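Let's take a walk through the empty spaces in this structure and the helices around them. Have the model open alongside as you read.

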Amino acid sequence: MQADVGSPAGRPLDSRVSSALLDAALREISEHGLEKTTIAEIAARAHTSKQAIYRRFRDKTDLVTAALLEALRKSVPPPPQRVSVAQDLQQCLQHTAAVLTQTPLGSALRALVPCHREPRLAAVLDEAEASQRLVLRQVLIATPFEADMETRIDLLLGLIYFRLFLRGTDIHDDDIERAIYLVLGLIAPREPMPPGRLPGL
């Protein structure tokens, strides 16, 4: 891919280069963290130049912020089906856990947790949480579990964040299922139920 450096003033920026830069920035942050990632390395990974980056972004933080926001936009959990509260919660939390463990976005978010004092990055971390909380609110609203909804959401997301961000341990489907039973005030079964077998609530 060729950089669009040196194009005449006013020429539209090449969207393919922009997309490659966002992807490269996300992967560099996920693999090396913010401090060790450089503009030069992002440009090299995107097969373009530093000048192409500075035509689009003020600095590295602006580029990383844009990359995270674009990745978040693409990773929003599917909407609730409104058949079973428990199943909708399971769908949302499994999606969140998969994003945080199996994609560059998850690794990038974990790498940026220590950077929460940087306002632009803090805003992205807040946006990541807000998008997850919104879907969970959509699941719980207008149900018997709407009471203390924000605390229920804290407990469910807290399980994932604590396991992955603080302890660095895996989280499995049966962990999510058990947490849902506890938060909804149900009695967890002795053995994890097969996927899709949570009771309709």
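## Pockets, a cavity and a helix pair

The second largest pocket is lined by Leu-100, Leu-109, Val-113, Leu-125, Asp-126, Ala-128, Glu-129, Gln-132, Tyr-161 and Phe-165. Keep in mind that we're looking at a predicted model. This pocket has a volume of about 220 Å³. Helices α7 and α8 (149-167) each put at least two residues into its lining, and α7 is the top contributor with five residues. Sorted by class, the lining of the second largest pocket comes out as seven nonpolar, one polar and two charged residues.

Two of those lining residues deserve a second look. How many aromatic pairs does the model have? The count is one, and it's Tyr-161 with Phe-165, a stacked pair at 5.5 Å centre to centre with 25° between the planes. The call of stacked fits because planes under 30 degrees apart count that way. Both Tyr-161 and Phe-165 sit in helix α8, four residues apart, which is about one turn of the helix.

Now over to the largest pocket, with a volume of about 250 Å³. It has 14 lining residues, and the ones closest to its centre are Asp-23, Leu-26, Glu-70, Ala-71 and Lys-74. Which helices supply at least two residues each to this lining? They are α1 (15-36), α4 (60-74) and α6 (104-112). Helix α1 has the largest share there, five residues. By class, the lining of the largest pocket splits into seven nonpolar, three polar and four charged residues.

Then there are the closed spaces. The model has two cavities of 30 Å³ or more, and the largest cavity has a volume of about 90 Å³. Its walls are made by Leu-72, Ser-75, Val-76, Pro-77, His-95, Thr-96, Val-99, Leu-100, Leu-105, Ser-131 and Gln-132. The elements giving two or more residues to that lining are α5 (85-102) and α7 (119-140). Of these, α5 provides four residues, the largest share of the lining. As for chemistry, the lining of the largest cavity has six nonpolar and five polar residues, and no charged ones.

Here are the three spaces side by side:

| Space | Volume | Lining by class |
|---|---|---|
| Largest pocket | about 250 Å³ | seven nonpolar, three polar, four charged |
| Second largest pocket | about 220 Å³ | seven nonpolar, one polar, two charged |
| Largest cavity | about 90 Å³ | six nonpolar, five polar, no charged |

That brings us to how α5 and α7 pack. Two packed helices are described by the angle and the distance between their axes. For α5 and α7, the axes come within 9 Å and cross at roughly 170°. Angles over 145 degrees count as roughly antiparallel, so α5 and α7 are roughly antiparallel to each other. On the α5 side, the contact is made by Val-85, Asp-88, Leu-89, Cys-92, Leu-93 and Thr-96. The α7 side brings Gln-132, Val-135, Leu-136, Val-139 and Leu-140. Taken by class, that contact has eight nonpolar, two polar and one charged residues.

If you want one residue to follow through the model, try Gln-132. Gln-132 is part of the lining of the second largest pocket, lines the largest cavity, and belongs to the α7 side of the contact with α5.

Technical notes
Residues are numbered from 1 along each chain as its sequence is written. This is a predicted model: local features need pLDDT of at least 70, side-chain atom pairs count only at pLDDT 80 or more; totals for chains, interfaces and linings use all residues. Side-chain values use heavy atoms; hydrogens and water are left out. On a 1 Å grid over the protein atoms alone, a cavity is a set of points where a 1.4 Å probe fits but cannot get out, and a pocket is an open set with protein on both sides within 12 Å along at least five of seven lines; lining residues have an atom within 4 Å of a point. Grid points are joined across faces, edges and corners, and a volume is the space filled by probe spheres set on the points. Ala, Val, Leu, Ile, Met, Phe, Trp, Tyr, Cys and Pro count as nonpolar, Asp, Glu, Lys and Arg as charged, and the others, Gly among them, as polar. Axes are lines fitted to C-alpha atoms, for helices over the stretch in contact, and angles run from 0 to 180 degrees between N-to-C directions. Angles under 35 degrees count as roughly parallel, over 145 as roughly antiparallel, 65 to 115 as roughly perpendicular and the rest as oblique. Contact means heavy atoms within 4.5 Å. Rings of Phe, Tyr and Trp (its six-membered ring) pair if their centres lie within 6.5 Å; planes under 30 degrees apart count as stacked, over 60 as edge-to-face and the rest as tilted.
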